[in-house]
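This briefing is meant to be read alongside the sequence and the coordinates. It takes up the cysteines, a metal site and one arginine, in that order.

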Amino acid sequence: MSLKITDVRAICTAPQNIPLVVVKVETSEPGLYGLGCATYTQRFLTVAHEVEHYMKPLLVGKDPTRIEDIWQMVTVSPYWRNGPVLGNALSGVDMALWDIAGKRANMPLYELFGGKVREGVRVYRHADGRTMQEVGDRVQAFVEDGVQVVRVQFGGYGGNGGARQSIEDMKPEGACPGAYYDPLQYQNSVIELFAAMRERFGYGLELCHDVHEHLEPTEAIRLAKALEPYRLFFLEDALPPEQGAWFAQMRQQTCTPIAMGELYNNPSEYVPLIQGRLIDYIRCHISQIGGLTPARKLAHLCEAFGVRTAWHGPGDVSPVGHAANIHLDLSSWNFGIQEWAGLTPALEDVFPGCPQLRHGYVYVSDKPGLGIDIDENLAAKFPCSEALPTWTNSRRPDGTLARP
Ligand code: MG
């Protein structure tokens with residue numbers, strides 16, 4: 001009897017207080033199943049509903065070895081496509097099918113993808129702090145652990161660290177609640193931060209920064225130029241996806257390397273930037289774009305244009321998603337860097353076989369497929385909070401909503 005999909009389920013769990021969604025695809029072969037990351041933490045219930053109510057009826061009875069055909073079918077089934085909910089639900093299924101393929105071949109996924117081109121995956125870590133001293137001390141701790149690339153953020157995303165005027169003094173009467181920041185004080189503080197970090201650590205350490213789309217296009221270009229003397233590894237999300245056409249102007253004016261893309265869902269957002277060689281690193285969140293099938297194609301497209309990969313790897317990627325990132329990193333020649341948020345002991349207990357960080361490099365399990373499992377009984381002990389996110393309600397001093 002040929003292999004069939006028998007069940008598709010969404011498992012929601014929050015061992016680190018961040019809602020995660022993992023899809024489990026079961027098959028007609030006893031004990032053969034796959035796991036995939038479908039984490040859209042801000043709308044996890046919507047993704048879980050899509051998986052249980054639409055993916056399951058669409059996929060039960062289908063042949064799990066037909067990964068490409070299933071990806072195309074699931075993509076067009078709802079007619080409207082390329083959104084974050086459908087992309088994540090599709091990713092959960094897609095990664096699970098690749099996990100099943102690896103298990104059937106008795107190979108770790110990186111081997112199925114063509115084999116290792118490096119032994120470990122170099123990562124960057126986040127050094128955030130409220131003061132220069134705090135950021136610097138976190139950088140120091142990472143360096144002592146062998147980390148070679150560090151992201152430095154002062155006072156959070158576009159925060160008012162180093163501000164000469166408090167945000168409270170700048171607001172109009174009756175201002176709405178929100179995560180306020182001042183673009184001018186933010187730009188000044190980032191330049192001062194990089195000057196301080198280079199003063200303390202010199203130039204033998206790679207440093208990067210995430211603008212989190214907090215600036216207007218010309219402000220972003222001015223910041224990228226002002227940061228040139230500090231030789232960034234990359235400047236990330238200097239512009240929102242809606243203003244991607246401005247990267248042509250930025251590229252002409254600065255040699256600061258540009259990373260972009262964690263918010264992209266649609267190939268029409270990133271293809272022109274790659275084709276035009278307007279960015280240095282593609283930062284897509286693999287589950288947002290629909291899983292490993294499109295991510296492999298994207299990595300290959302980037303290779304042709306000299307763009308390197310830097311897949312999004314924050315706390316709102318499940319360990320299953322991190323494992324998928326690492327398998328792709330290990331086997332992609334044009335891999336650049338991997339963001340690594342770090343895993344807590346609770347996450348490692350719920351997901352046996354988590355990738356491991358040692359001396360600045362992450363390693364995956366060599367077990368077949370993704371090499372990671374989920375303890376469903378333990379996962380159920382960490383329910384997800386349905387509280388709405390507040391940090392996405394970002395505002396400028398006069399109260400105008402900004403991109404988060
Ligand atoms: Mg980012």
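Why is the sulfur of Cys208 in no bond with the closest cysteine sulfur? In this predicted model, the closest cysteine sulfur belongs to Cys255 and lies 16 Å from that of Cys208, which is too far for a bond.

**Cysteines**
- A disulfide is a covalent bond between the sulfur atoms of two cysteines.
- A search of the whole structure finds 0 disulfides, and the cut-off for such a pair is a sulfur separation within 2.5 Å.
- Cys284 is likewise in no disulfide, the nearest cysteine sulfur being that of Cys302 at 7.8 Å.
- Cys208 counts as buried because its relative accessibility is 0%, and Cys284 is also buried, with a relative accessible area of 0%.

**Magnesium site**
- The magnesium ion is coordinated by Asp210 through OD and by Glu236 and Glu262 through OE, at 2.0 to 2.2 Å.
- Along the chain, the donors of the magnesium ion follow the spacing D-x25-E-x25-E.
- Glu236 and Glu262 link distant parts of the chain, 26 residues apart: Glu236 is in strand E8 (residues 234–236), whereas Glu262 is in the loop between strand E9 (258–260) and helix H10 (267–275).
- Both Glu236 and Glu262 are buried.

**Arg395**
- Arg395 has its place in strand E15 (residues 394–395).
- Although buried, Arg395 has no salt bridge, and the nearest side chain of opposite charge, that of Asp398, is 7.8 Å away.
- Leaving aside residues up to four places away in sequence, Arg395 touches a set of residues including Cys176, Pro177, Tyr180, Tyr181, Thr400 and Leu401.

Conventions. Residues are numbered from 1 along each chain as its sequence is written. This is a predicted model: local features need pLDDT of at least 70, side-chain atom pairs count only at pLDDT 80 or more; totals for chains, interfaces and linings use all residues. Side-chain values use heavy atoms; hydrogens and water are left out. Donors are N, O and S atoms within 2.8 Å of the metal (3.2 Å for Na, K and Ca); water is not among the atoms, so sites may look incomplete. Helices (H or I, at least four residues) and strands (E, at least two) are DSSP runs, numbered from the N terminus. Buried means under 20% relative accessible area, exposed over 50%, partly exposed in between (1.4 Å probe, protein chains only). Lys and Arg count as positive and Asp and Glu as negative; His and the chain ends are not counted. A salt bridge is a side-chain nitrogen of Lys or Arg within 4 Å of a carboxyl oxygen of Asp or Glu. Contact means heavy atoms within 4.5 Å.
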